[in-house]
Amino acid sequence: MAYEKTWADNEKLNKTEQWKLVKDGLSIFDDIPHYAKNGFSSIPEEEWDKFKWAGLYLQRPKEDGYFMMRVNIPSGILNYEQAIELAAICKEYGRDVYDITTRQAIQFHWLKIEQIPDIFNRLERVGLSSAGACGDITRNIVGNPLAGIDKDELFDTREIVKEVYEFFQFNDDFSNLPRKYKMSISTNVKNASNAEINCISFVPAKKIIDGKEEVGFHLLIGGGLSARPFLAQKIDVFVLPHQVKEAAIAVTTIFRDYGFREKRHLSRLKFLMADWGPERFKEKLLEYVNLLPSGEDATEKWNAGYFYGVHPQKQPGLNYIGLNIPVGRLSSDEVIELAKVSKKYGNGELRNCNSQNLIIPNIPDENVEALLKENIFTTISTKPLSFIGYSVSCTGIEYCNLALVETKERMKRIANDLDKELSLDVPVRMHMVGCPNSCGQRQIADIGLQGIKMKTKDKGMIEAFEIYLGGTLQDGGKFNEKLQGKIEADYLKEAIKAILLHFKSDKIKDESFFNYIGRVGLNPLQTALDHAMQQA
């Protein structure tokens with residue numbers, strides 16, 4: 001290693017940190033060919049967690065030997081060849097389950113160790129990788145899915161994201177971080193990257209330098225969700241476009257060398273930031289990189305990563321089309337068909353959104369009408385109904401070892417039922433998660449649904465949910481707040497419906513769910529929920 005592990009003599013290091021001192025996480029790539037040749041039984045159980053550095057988790061139940069693989073898609077942008085190859089891998093090895101994540105990546109399931117080397121080779125041939133998609137390392141870089149075509153961006157960030165992503169890929173100077181490390185880089189002024197919930201976010205900014213207005217970034221540090229969520233804090237610096245890589249290296253170095261390594265649940269960058277505060281963090285940062293003081297924030301609002309319908313690009317005569325992918329799940333045939341439609345009418349790209357949806361870009365004006373008549377759009381909508389169009393879900397107990405409840409199909413079913421039973425004049429964002437880790441980002445939802453286990457007298461332990469209301473990332477962000485009570489999973493739809501019916505009857509025209517709660521508080525919705533559960 002080219003750096004000194006200053007924490008190596010700490011006697012209180014947790015067990016994961018202890019084995020990382022002996023063997024770097026990226027070394028799993030050297031071991032996988034042996035395991036693939038000799039089968040799952042050849043993998044010692046103590047090695048299972050190390051597969052994360054290769055983007056692999058053992059899915060539920062671990063002993064069966066099937067892996068989930070997460071593939072990095074920086075900024076969510078896929079070219080035609082990449083989309084087709086991902087679909088082919090999904091069809092051949094993944095039992096036709098193709099999931100878009102809330103960080104613009106792709107997840108496969110049902111993979112066997114014997115198949116992994118072939119998948120690695122196929123990904124590499126089209127310029128993709130799963131390295132670092134999990135583990136204590138830089139994860140997929142979230143960006144603007146409209147980068148390069150966006151009327152609402154200060155400038156194109158594709159090359160910057162590419163440069164930073166490629167620097168950290170397989171870089172063993174930064175493969176032993178205290179915990180997972182999530183980065184976003186975007187100049188979309190509507191905060192399409194959910195900047196406040198990332199460990200490090202480069203967000204759009206302007207500054208007068210030597211009498212001339214320059215565009216660049218402000219830096220937000222220390223965001224993250226899970227059981228103890230934090231909103232990222234602004235550091236008083238201005239980052240010019242050519243400084244992004246240097247600044248990213250500096251922040252990552254600080255996290256690597258000063259982050260906490262004794263207790264896993266307190267090791268994210270958000271805890272170091274909470275301990276130091278923005279001023280101390282800035283002082284340390286400026287020891288590594290020369291940055292100017294901050295300028296003018298350019299973020300105007302928050303769009304939560306939704307881009308439905310047909311929209312003009314900044315290139316005259318071209319359009320992008322936003323599609324709803326219910327809870328982010330597709331089949332391989334659907335991916336292939338979407339890629340073919342994109343190539344037939346545009347340039348073949350597909351772009352993943354952190355709302356688990358898709359964008360088809362670069363469609364000439366004269367091709368839009370014909371594209372929308374393609375058969376795939378009888379099942380995939382550009383104008384979804386209010387609830388299915390704004391529903392997000394994590395993987396859930398179907399595959400995830402951490403989840404307590406089933407989520408994907410439940411969220412989809414509830415949303416579809418609600419769309420049949422009521423309508424609203426504003427969308428309501430619903431996020432469902434199967435455990436406190438919150439991969440489905442429930443804290444920022446209008447209605448956050450967190451799965452739990454609940455003990456009952458007559459049914460024993462059952463699946464249930466807690467309900468949280470009023471999350472947003474508008475104006476710096478606010479996490480949603482928990483309503484009292486636990487709701488049996490079988491009654492969850494009726495509970496949500498009761499909340500929404502009260503909202504509908506009491507709201508002002510065009511008033512958002514978040515603004516309504518800001519006006520009346522949680523008590524009226526708590527009362528509506530309690531009444532509905534008494535009648536259930």
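**Exercise 1.** How many nonpolar, polar and charged residues does the lining of the second largest pocket have by class?

*Solution.* The model is a predicted one, and the pocket is taken here step by step. Begin with its extent: the second largest pocket holds about 520 Å³ of space. Next, turn to its wall, which is made up of 16 residues, with Trp-302, Asn-303, Ala-304, Pro-427 and Arg-429 lying nearest the centre of the pocket. Finally, sort the lining by class, which gives eight nonpolar, five polar and three charged residues.

**Exercise 2.** Work out the strand order of the open sheet of five strands, and say which strands form its edges.

*Solution.* The order of the five strands is β1-β2-β5-β4-β14, and their pairing is antiparallel. The edges are found by asking which strands pair on one side only, and these are β1 (56-58) and β14 (329-330).

**Exercise 3.** Describe the surroundings of strand β5, taking its partners in turn and then its cover.

*Solution.* Take β2 as the starting partner: residues 67-71 of β2 are joined to residues 106-111 of β5 by four bridges, and the two strands run antiparallel. Within this pairing, Met-69 has Phe-108 of β5 as its bridge partner. Now take β4, residues 98-100, which pairs with β5 over two bridges, again in the antiparallel sense; here Ile-100 stands opposite Ile-106 of β5. The hairpin of β4 and β5 has five residues between the strands, and in this hairpin Gln-104 takes a positive phi near 70 degrees. Then consider helix α4 (residues 116-125), which lies across β1, β2 and β5 and runs at about 10 degrees to β2. As a last step, apply the cut-off for burial, under 20% relative accessible area: five of the six residues of β5 are buried, and the strand is thus mostly covered.

**Exercise 4.** Set out the volumes and linings of the largest and second largest cavities.

*Solution.* The structure holds four cavities of 30 Å³ or more. For the largest cavity, the volume is about 70 Å³, and the residues lining this cavity include Asn-72, Arg-139, Tyr-165 and Phe-170. Sorted by class, the lining of the largest cavity comes to six nonpolar, five polar and one charged residues. For the second largest cavity, the volume is about 60 Å³, and its lining divides into five nonpolar, five polar and one charged. Among the residues that line the second largest cavity are Trp-302, Ala-304 and Arg-429, and these three names also appear among the residues nearest the centre of the second largest pocket.

Definitions and conventions. Residues are numbered from 1 along each chain as its sequence is written. This is a predicted model: local features need pLDDT of at least 70, side-chain atom pairs count only at pLDDT 80 or more; totals for chains, interfaces and linings use all residues. Side-chain values use heavy atoms; hydrogens and water are left out. Two strands pair if DSSP finds at least two bridges between them. Contact means heavy atoms within 4.5 Å. Axes are lines fitted to C-alpha atoms, for helices over the stretch in contact, and angles run from 0 to 180 degrees between N-to-C directions. On a 1 Å grid over the protein atoms alone, a cavity is a set of points where a 1.4 Å probe fits but cannot get out, and a pocket is an open set with protein on both sides within 12 Å along at least five of seven lines; lining residues have an atom within 4 Å of a point. Grid points are joined across faces, edges and corners, and a volume is the space filled by probe spheres set on the points. Ala, Val, Leu, Ile, Met, Phe, Trp, Tyr, Cys and Pro count as nonpolar, Asp, Glu, Lys and Arg as charged, and the others, Gly among them, as polar. Buried means under 20% relative accessible area, exposed over 50%, partly exposed in between (1.4 Å probe, protein chains only).
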